[in-house]
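Welcome, and please open your viewer so we can take a walk together. At each stop you will hear what to select and what to look for.

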Amino acid sequence: MRIESSVAAPLLRISLSVLLLWFGVWQVAAPESWTAYVPGWVDAFADATLLTVSNGIFEIALGLVLASGFFVRAASLLGFLHVFFIALNLGYSDIMVRDLALAAAFLAVFFNGPDRLCKT
């Protein structure tokens with residue numbers, strides 16, 4: 001059985017899209033479950049619940065753009081910066097290490113650029 005290597009890039013891009021959509025929808029649907037992840041210093045500038053819902057909306061939009069195959073490099077760069085910033089603000093933990101790996105996956109999509117299923 002031969003596995004086609006050209007499947008890797010679209011699979012990674014679409015998987016990251018699903019990840020963003022999954023977490024984005026949950027943040028909008030149940031923000032109170034996510035406010036514990038908002039850094040304490042944010043309280044001086046914004047309400048944690050409002051920030052969580054806003055973050056969820058951003059992740060849904062970014063997931064849809066990435067899934068659509070349009071603006072793949074821009075969307076994946078935004079995804080990288082977004083997840084990398086989240087990881088840095090979490091402090092050293094297993095979640096931070098996971099998020100750094102996800103940030104690297106977004107960076108891989110950025111360097112790969114549009115794959116064979118993309119529109120651009």
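Two residues are in contact when heavy atoms of theirs lie within 4.5 Å. Keep that in mind as you look at the whole chain, which is a predicted model. Among its contacts with a separation of 6 or more, 69% join residues 24 or more positions apart.

**Stop 1: the whole chain**

Switch to a cartoon view. How many helices and strands are there in the protein chain? You should find four helices and zero strands, in the order α-α-α-α along the sequence. The C-alpha atoms fill a box of roughly 50 × 25 × 25 Å along the principal axes. Of the 120 residues in the chain, 30% are buried.

**Stop 2: the nonpolar core**

Now select L16, L20, L66 and F106 and show their side chains. These residues have the most contacts inside the largest nonpolar core, a group of 13 residues. Colour α1 (8-29), α2 (48-68), α3 (72-90) and α4 (94-112) separately, since each supplies at least two residues of this core. In soluble globular proteins, nonpolar side chains tend to be buried together.

Stay with L66 for a moment. Which residues does L66 contact, leaving aside neighbours within four places in sequence? The partners are R13, L16, S17, L20, V72, A75, S76 and F106.

**Stop 3: the largest pocket**

Next, select Q27, Y37, N55, E59 and I86. Of the 25 residues that line the largest pocket, these are the closest to its centre. The pocket has a volume of about 690 Å³. α1, α2, α3 and α4 each give at least two residues to its lining, and the largest share, six residues, comes from α3. Try colouring the lining by class: 16 residues are nonpolar, six are polar and three are charged.

**Stop 4: D115**

Finally, move past the last helix to D115, in the segment after α4. Is D115 buried or exposed? D115 counts as buried because its relative accessibility is 10%, and the cut-off for buried is under 20%.

Show the side chain of D115 and look for two partners. One is the side chain of R13, with a polar contact at 2.6 Å. The other is the backbone nitrogen of L117, which the D115 side chain reaches at 2.9 Å. Not counting residues up to four places away in sequence, D115 touches A9, P10 and R13. R13 links back to an earlier stop, being one of the residues in contact with L66.

Note on methods: Residues numbered from 1 in each chain as written. Predicted model: local features only at pLDDT ≥ 70, side-chain atom pairs only at ≥ 80, totals over all residues. Heavy atoms only, no water. Core = buried A, V, L, I, M, F, W, Y, C linked by side-chain atoms within 4.5 Å. Buried < 20%, exposed > 50% of the residue type's maximum accessible area, 1.4 Å probe, protein only. 1 Å grid on protein atoms, 1.4 Å probe; cavity = no way out; pocket = protein on both sides within 12 Å on 5 of 7 lines; lining within 4 Å. Points joined across faces, edges and corners; volume = space filled by probe spheres on them. Nonpolar A, V, L, I, M, F, W, Y, C, P; charged D, E, K, R; others polar. Polar contact = N/O pair within 3.5 Å; in protein donor to acceptor, adjacent residues only side chain to side chain.
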